[in-house]
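Q: I am new to this structure. Please pick one part and take me through it closely, step by step. How is that part placed, and what surrounds it?

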Amino acid sequence: MIDRPGPGAWFAPRLLGLHLFAIVAIGFCLFMGTWQLGVYDQRQDDERVEAADAAPADITSVWGPGEVFTTDQDQRAVTVTGRFRPAAEQLWVTDRDQGDRSGAWLLAPVTVDNAQLMVVRGWAPKPTATFPDVPVGDVSFEAVLQPGQESGAGWDPQARTIGSVRIPTLLNELGYDNLWSGFAIATDQKVAGGLDVAEVPSPDVSWTAGGRNLGYGLQWWVFAVFALFMWWRMSREMVLGRDR
């Protein structure tokens, strides 16, 4: 019968240096991995700020009514110049959050480049039976582009409400010949019609922004696991080897 070493063998003097080295090595790897992941998060935040602070461009220079909405347009700050259609053609988009409150967006069609661009003029605590007047004549205002939405309640033609800005549904229900494939959230108080300016969702940032730091962070965590494994293997062999 072979006697196996007891737990105290792992604390033999000749192993203390190995234990100390392992603690330092693993701690260093974990610190470096956490630091690199923190840098990655900061790069992501910087990208969001940069996207939000980008100078607005004329909408017709970055997108057209016959073009598919892509990531190049998503969250793009633009200047829109067009003419609002009659106030009766506006509608409410329900269940829209503003901070910690829930309410509705006022969505208005604006003729831009011979097509209708759906524009969120502002936010209200709840839909109202009458719509605010629209600006008269050609109007220029700043906005942020958004892709069409999917989920939400259906279209109610009597109340003129819809649960989300679903472009295909609006194209079918409103009867316009041509509708831009995305929509815009106005950030300009002059078109809000007395409503609160709607909050723009935070821009999505590709995970590849700062991807090198993400890779380094994961690599350091792998190093920590490897150091732990090597400590366990070397310590085990030294403990078992003492009694051979």
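The answer sketches the whole chain, then looks closely at one helix and its surroundings.

A: Start with the status of what you see: this is a predicted model. The chain has 244 residues, and 40% of them are buried. Its secondary structure comes to 4 helices and 8 strands. Read from the N terminus, the order is α-β-α-β-β-β-β-β-β-α-β-α. Among contacts between residues at least 6 apart in sequence, 69% join residues at least 24 apart. The accessible surface is about 14000 Å², and carbon and sulfur atoms account for 57% of it.

Now the part itself. Helix α3 spans residues 167–174. Which of its residues are buried? They are I167, L170 and L174. These three cover an arc of only 60° around the axis, so they sit on the same side of α3. Turn to the face pointing away from that buried side. There you find the exposed residues P168 and N172. So α3 has a buried side, because its buried residues share a narrow 60° arc, and a face turned away from it that carries exposed residues. After the helix comes G175, with a positive phi near 80°.

What covers the buried residues of α3? The cover includes strands β3, β4, β5, β7 and β8. In residue numbers, β4 is 101–112, β5 is 115–124 and β7 is 161–162. Two residues from this cover deserve a closer look.

Take strand β8 first. It runs over residues 179–186, and L179 belongs to it. L179 has a relative accessible area of 8%. Buried means under 20%, so L179 at 8% counts as buried. Its contacts lead straight back to the helix. Leaving out residues up to four places away in sequence, L179 touches I167 and L170. Both of those are buried residues of α3. L179 also touches L171, P65, Q116 and M118. L179 and A115 make a further pair: 64 residues separate them in sequence, yet their C-alpha atoms are 5.6 Å apart.

Next, strand β3, which covers residues 91–98 and includes Q98. Is Q98 buried or exposed? With a relative accessibility of 7%, Q98 is buried. The side chain of Q98 reaches the backbone oxygen of V197 at 2.9 Å. Beyond its neighbours within four places in sequence, Q98 contacts W123, D196, V197, A198 and E199.

One name in that list takes us on. D196 also forms a salt bridge with R101, and the closest N and O atoms are 3.7 Å apart. D196 lies in the loop between β8 and α4, while R101 lies in strand β4, so the pair ties together parts 95 residues apart in sequence. Side chains of opposite charge can pair when their charged atoms come close. Neither partner is buried. D196 is partly exposed, at 36% relative accessible area. R101 is partly exposed too, at 41%.

The structure holds 4 salt bridges in total. Another of them joins E89 and R85, whose side chains meet at 2.6 Å, N to O. R85 is partly exposed, with a relative accessible area of 26%.

A further one links E237 and R233, with the closest N and O atoms 3.6 Å apart. Being 4 residues apart in helix α4, these two are separated by about one helical turn. E237 is partly exposed at 46%, and R233 is partly exposed at 42%.

Last, a word from a record. An unreviewed UniProt entry lists residues 20–40 and 214–234 under "transmembrane region". In the model, residues 20–40 are 100% helix, and their end C-alpha atoms lie 30 Å apart. Residues 214–234 are also 100% helix, with end C-alpha atoms 30 Å apart.

To return to the helix: I167, L170 and L174 are the buried residues of α3, strands including β3 and β8 help cover them, and P168 and N172 are on the face turned away from the buried side.

Notes: Residues numbered from 1 in each chain as written. Predicted model: local features only at pLDDT ≥ 70, side-chain atom pairs only at ≥ 80, totals over all residues. Heavy atoms only, no water. Buried < 20%, exposed > 50% of the residue type's maximum accessible area, 1.4 Å probe, protein only. Polar contact = N/O pair within 3.5 Å; in protein donor to acceptor, adjacent residues only side chain to side chain. Contact = heavy atoms within 4.5 Å. UniProt positions renumbered as here; feature names shortened; annotations may be inferred. Areas by Shrake-Rupley, 256 points an atom, 1.4 Å probe, with all protein chains shown as cover. Arc of directions from axis to C-beta.
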